[in-house]
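Visitor: Could you bring up the model so that we can go through it together?
Guide: Here it is, and we can start wherever you like.

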Amino acid sequence: MEKRESFSSKVGIVLATAGSAVGLGNLWAFPYRAGQNGGGTFVLIYIICVIAIGVPAMISEFIIGKNSNATGAINAFGEIEEKNNQKKSWFKLGGIVGIISSFLILSFYAVIAGWAVDYFLKGIFGGYGSFDSTTSAQYFETLIMSIPRGTIYQIIIMAATIFVVSMGVKEGIEKISKIMMPLLFLILLILVGYGFVTGAFLESVKYLFKPTLNLGEGNNIAKVAISAMGQAFMSLSLGLTCIITYGSYVDKNDDVVKISKQVAIADTMVALLAGLAIFPIVFANGLEAGQGPGLVFISLPIAFANMPLGSIIGAMFFLLIIIAALTSSISLLENNVAILVGTGKLTRGKATIIAGAIISVVGFFTQYGVGFSLPILNFTGQTTFLDQLDKLTIIYLIPISAFICVLFVGYRANYKLIEAEFKNKKFAKYFYTYLRYVVPIFITVIFVSELFNNIFA
Ligand code: TRP
């Protein structure tokens, strides 16, 4: 069967996948998590997780996608089993979990990206003029509690996402990634340059790259590792079948091992550069590195208010976040749209609007101002819908789906699929063994410690 959609170039595949990977995870979550978890130690463990778990898991998702017929990530499992003369099995659960989580993640991802739109506009019109530590926190509180503002920004992000996805894989996703990703790198380099010239650059390099045993109060190495693995999955877009979906648009001859390595390198570089853009400003302005999720939205604007060219640098910084978030939300929506189009009953245009609209409605309820939460999700220990979904998807569902994908390629799919991806056949064997016996154990150990930390602690 012919694939229904495909990317048109290798560069396009790498940029679109890197676009999916580079997002709020890199620019918002990575710096604050590094700040909360002792800087260098977190960064080191994070890089180990990317190499030891992330890249093999990404290769697995790509292999599943590449060998399917591009009718969506849930069908992919069964299609591969069928070609292998196997009965369809429970493995497609990996796809179902992934699709559900990508649906849920996009609903609140667009809300958070929407906050960046507000801060971007603020930089352009008027600047961060009077922000100090009290007023900046107040401004943020007011913003996230405001239903009208939140809704408008969320709709802006969703509308842009819907527009691009409705244009299709080649004409929409690939084209926009080819424009946005270079632009993103350029803005990021300018911001790092600014930190280099005006900020506490050396201190930041030391902070990010020199591991220490001082992990912060009440923290321990296990918690740092859990946070680092979760961050690696999220940042590389794993566990939501997005990579399966994008993988289904690559050509037989495309080298998905190489693509995975390139994407992992690009994604890690952006996270590290984001650290090198943010921490020089944080340290030079005497702000707190370990302050948590408010690092980007509350702390940085205080610095933007007080530094030369602050509103321009601030606007650029939030534009960077918006661009990065858009290429990620596009992959999240595409993941859902591919399923609907794959049923053969809907055109891409209709599927995009339907999926986009439902996700937006769910997303509406994730706004803090709406004050909604689901009692059934109380086990996550969170009290607002956004935090409940965040915990449910990122801490529980992503590792489960990623785990099933790894098991599928390691135990269910034909070894030939792996062998075909490696020129060095000996290396293919090593990879196969590693994927079967090491990666699942890594994921299980960290997942179980997560459970202990979250539910039983
Ligand atoms: N990787 C993106 C980020 O860092 C978010 C994202 C997009 C994602 N698609 C995903 C996360 C699939 C997990 C799975 O912000």
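Visitor: Let's start with Ala-315; is it buried or exposed?
Guide: Bear in mind throughout that this is a predicted model. Ala-315 counts as buried because its relative accessibility is 8%, and buried means under 20%.

Visitor: Which helix is Ala-315 in?
Guide: Ala-315 is found in helix α14, which spans residues 310-342 and is among the elements that give two or more residues to the shell around the ligand.

Visitor: How far is Ala-315 from Glu-81, in sequence and in space?
Guide: The two are 234 residues apart along the sequence, and their C-alpha atoms are 49 Å apart in space.

Visitor: You mentioned the ligand; where does it sit?
Guide: The ligand sits in the largest cavity. Besides α14, the elements that give two or more residues to its shell are α1 (10-21), α2 (24-36) and α10 (221-235).

Visitor: How many residues surround the ligand, and which are the closest?
Guide: There are 17 residues around the ligand, and the closest are Ala-21, Gly-25, Tyr-109, Met-234 and Leu-240.

Visitor: And what is that shell like by class?
Guide: The shell around the ligand has nine nonpolar and eight polar residues, with no charged residues.

Visitor: Which polar backbone atoms does the ligand approach?
Guide: A polar backbone atom of Ser-20 is 3.2 Å from a nitrogen atom of the ligand, while a polar backbone atom of Ala-21 is 2.9 Å from an oxygen atom of the ligand.

Visitor: What about the side chain of Ser-237?
Guide: An N or O atom in the side chain of Ser-237 lies 3.1 Å from a nitrogen atom of the ligand. As for the ligand as a whole, it exposes 360 Å² when taken alone, and the protein buries 100% of that.

Visitor: Staying with Ser-237, where is it in the chain, and is it buried or exposed?
Guide: Ser-237 is found in the loop between α10 and α11 (242-247), and it counts as buried because its relative accessibility is 10%.

Visitor: What is phi at Ser-237?
Guide: Phi of Ser-237 is near 65°, a positive value in a residue other than glycine. For context, most residues other than glycine have a negative phi.

Visitor: Ala-70 also caught my eye; what is its phi, and where is it?
Guide: Ala-70 has a phi near 60°, which is again positive in a residue other than glycine. Its place is in the loop between α3 (40-66) and α4 (73-83), and Ala-70 is buried, with a relative accessible area of 8%.

Visitor: Changing topic, what about Glu-421, buried or exposed?
Guide: Glu-421 is buried, because its relative accessible area is 10%, and this residue is found in the loop between α17 and α18. From Glu-421 to Ser-237 the distance is 21 Å, C-alpha to C-alpha, with their positions 184 residues apart in sequence.

Visitor: And Ala-420, where is that, and is it buried or exposed?
Guide: Ala-420 lies in the loop between α17 (415-419) and α18 (425-456), and Ala-420 is exposed, with a relative accessible area of 59%. Its C-alpha atom is separated by 20 Å from that of Ser-9, 411 residues apart along the chain.

Visitor: Last one, Leu-189: where is it, and how accessible?
Guide: Leu-189 is found in helix α8 (residues 169-198) and is partly exposed, because its relative accessible area is 49%. Leu-189 and Ala-277 are 88 residues apart in sequence, with 8.2 Å between their C-alpha atoms.

Methods: Residues numbered from 1 in each chain as written. Predicted model: local features only at pLDDT ≥ 70, side-chain atom pairs only at ≥ 80, totals over all residues. Heavy atoms only, no water. Near = heavy atom within 4 Å. Polar contact = N/O pair within 3.5 Å; in protein donor to acceptor, adjacent residues only side chain to side chain. Areas by Shrake-Rupley, 256 points an atom, 1.4 Å probe, with all protein chains shown as cover. 1 Å grid on protein atoms, 1.4 Å probe; cavity = no way out; pocket = protein on both sides within 12 Å on 5 of 7 lines; lining within 4 Å. Sits in = over half its atoms within 2 Å of the grid points. Helix = DSSP H or I, 4+ residues; strand = E, 2+ residues; numbered from the N terminus. Nonpolar A, V, L, I, M, F, W, Y, C, P; charged D, E, K, R; others polar. Buried < 20%, exposed > 50% of the residue type's maximum accessible area, 1.4 Å probe, protein only.
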